[in-house]
Every structure is written in structure tokens, then in C-alpha cells.
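Here is a friendly walk through a protein–ligand model, written with a computational chemist in mind. Have the viewer open and follow along.

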Amino acid sequence: MKIGVYPGSFDPITLGHLDIIRRAAPMFDEFVVAVMINSAKHYMFDAAQRCDFIRRSTADMPNVTVETHDGLLAEYTRQRGATAIIKGLRAISDFEYEFQMALINKKLNPSLETVFLTTSSDYMFLSSSIVKEVGRYGGDVSGFLPPQILDDVVQKMRV
Ligand code: PNS
């Protein structure tokens, strides 16, 4: 059984993330979106909310599951028996950090591969942070978020 893991903060999931999930999930038997918890990081949405947003956005993809993990990604992928980590690459500026992450994860779990998908050109500019910034000032974020979660996310961002 081929298991792929797509890790991230997903605070919240954007159409850019969803595009990567839609393209990567068919390559695996099970595709796990792993919501990573870092106690040193401040999130706008708690882990349960982030998972709920992802589940609602991926409801039409039967092999996609959503889990949380508090700890090392390499350890989680070992526990899950994953074949590969999937990451999206938006720009060259993402590369240096992602390259370092791929190398440390390979050192910690040598049986693991990191596979990069280039982002669709429509979403090159998109990140959860930029969506939160636009939303905080009341801008229109409807083109950036899955429609299933739009109202809930907008409501929280305006508080
Ligand atoms: O969406 P993000 O915030 O860019 O995702 C980053 C994430 C969660 C994938 C990364 O920080 C991560 O893998 N965290 C888990 C801890 C870990 O394994 N770090 C790498 C080795 S130090």
C-alpha cells in the first residue's frame, strides 16, 4: 500500500494546498494530509478547526485522510509507513528551506523520499499568511479559499 503524506500548518487550507492535494492524491493508495502542531507557533485556527476545514474541502476525494501530529515529521512518516512526503514549490525562494527539510527528513528516515510538485501558476502568490493578511483588512478572499470553508474562515479573520 502506497501512502503519501502532505504535511503543513494549513492555517487555513487554501486553494493552492487543495490543488496540490488534488494532483498528488491519485498517485497513492492513501494520501494523508498531516496537520503538524508546533507549540512554539501561534495559529489563527486550532488543530481541530484546521482539520475540519481540510476534511470539508477534500470530501470528494475518497483516499484523502486528515490527521494531526505533534513532533517530528520523519518520525510520523515512519509510524504511518509512508512512502513519500509531498511538498508544493511556489518559487525559487521556497527551494532553499524545502531542500534543507528534505535532507534532514531523509537523514532521520532514510527510507523516505520527498517529492516536489510545482504549484499551478494561478496560485504562485498564495499562502495562508497572505490570505489572513488580506482577510484581516476586509479584502475579498473568495478566490483564495475552498468555497466550503469560506464563510467560516472570513468570520474568524474579521474578529
Ligand atoms: O505549512 P508550513 O508551516 O510551511 O509547514 C511546515 C512543516 C509543518 C511541514 C514543518 O515545519 C515540519 O515538518 N514540522 C514538523 C517538525 C519537523 O519534523 N521539522 C523538521 C526537522 S527539524
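The notes below begin with the ligand site and then move on to the helices and loops.

This is a predicted model. The ligand takes up the space of the largest pocket, and α4 gives the most residues to the shell around the ligand, with 3. Elsewhere, helix α1 is mostly covered, and the loop between β1 and α1 holds P12, which is joined to D11 by a cis peptide bond.

**The shell around the ligand**

- If you are setting up a selection, the residues surrounding the ligand are P7, G8, S9, M36, K41, G71, L72, L73, K87, Y97, M101 and I104.
- By residue class, this shell divides into 7 nonpolar, 3 polar and 2 charged residues.
- Which elements give two or more residues to the shell around the ligand? They are β1 (3–8) and α4 (92–108).
- Of the elements, α4 makes the top contribution to the shell, with 3 residues.

**Polar partners of the ligand**

- The side chain of S9 has an N or O atom 2.6 Å from an oxygen atom of the ligand.
- The side chain of K41 also offers an N or O atom to a ligand oxygen, here at 2.9 Å.
- With L73 it is the backbone that takes part: one of its N or O atoms lies 2.8 Å from an oxygen atom of the ligand.
- On its own the ligand has 550 Å² of accessible area, and the protein covers 68% of that.

**E98 and its link to the shell**

- E98 sits in helix α4, and K87 is one of the residues surrounding the ligand.
- The side chains of E98 and K87 are joined by a polar contact of 2.8 Å.
- Is E98 buried or exposed? Its relative accessible area is 10%, under the 20% cut-off, so E98 counts as buried.

**Helix α1**

- Helix α1 spans residues 15–24, and 8 of its 10 residues are buried.
- Those buried residues are L15, G16, H17, L18, D19, I20, I21 and A24.
- What caps the N-terminal end of α1? T14 does, with a side-chain oxygen 3.1 Å from the backbone nitrogen of G16.
- D19 belongs to this helix, and because its relative accessibility is 15%, D19 counts as buried.
- The side chain of D19 has a polar contact of 2.7 Å with the side chain of S120.

**The loop between β1 and α1**

- P12 is placed in this loop, and the peptide bond between D11 and P12 is cis, with omega at about 0°.
- F10 has its place in the loop between β1 and α1 too.
- Although F10 is not a glycine, its phi is positive, at about 50°.
- F10 has a relative accessibility of 2%, so it counts as buried.

**Residues that meet across the chain**

- Y76 is found in helix α3, which covers residues 73–80.
- Y76 counts as buried because its relative accessibility is 3%.
- Y76 and M36 are 40 residues apart along the chain, and their C-alpha atoms are separated by 9.8 Å; M36 is also one of the residues surrounding the ligand.
- M61 lies in the loop between α2 (47–57) and β3 (64–69), and with 9% relative accessibility M61 counts as buried.
- How far apart are the C-alpha atoms of M61 and F31? They are separated by 9.6 Å, with the two positions 30 residues apart along the chain counted as their spacing.
- I149 is located in the loop between α5 (128–136) and α6 (150–158).
- The relative accessibility of I149 is 0%, so I149 counts as buried.
- From I149 to D52 is 97 residues in sequence and 9.1 Å in space, C-alpha to C-alpha.

Note on methods. Residues numbered from 1 in each chain as written. Predicted model: local features only at pLDDT ≥ 70, side-chain atom pairs only at ≥ 80, totals over all residues. Heavy atoms only, no water. Near = heavy atom within 4 Å. Polar contact = N/O pair within 3.5 Å; in protein donor to acceptor, adjacent residues only side chain to side chain. Areas by Shrake-Rupley, 256 points an atom, 1.4 Å probe, with all protein chains shown as cover. 1 Å grid on protein atoms, 1.4 Å probe; cavity = no way out; pocket = protein on both sides within 12 Å on 5 of 7 lines; lining within 4 Å. Sits in = over half its atoms within 2 Å of the grid points. Helix = DSSP H or I, 4+ residues; strand = E, 2+ residues; numbered from the N terminus. Nonpolar A, V, L, I, M, F, W, Y, C, P; charged D, E, K, R; others polar. Buried < 20%, exposed > 50% of the residue type's maximum accessible area, 1.4 Å probe, protein only.
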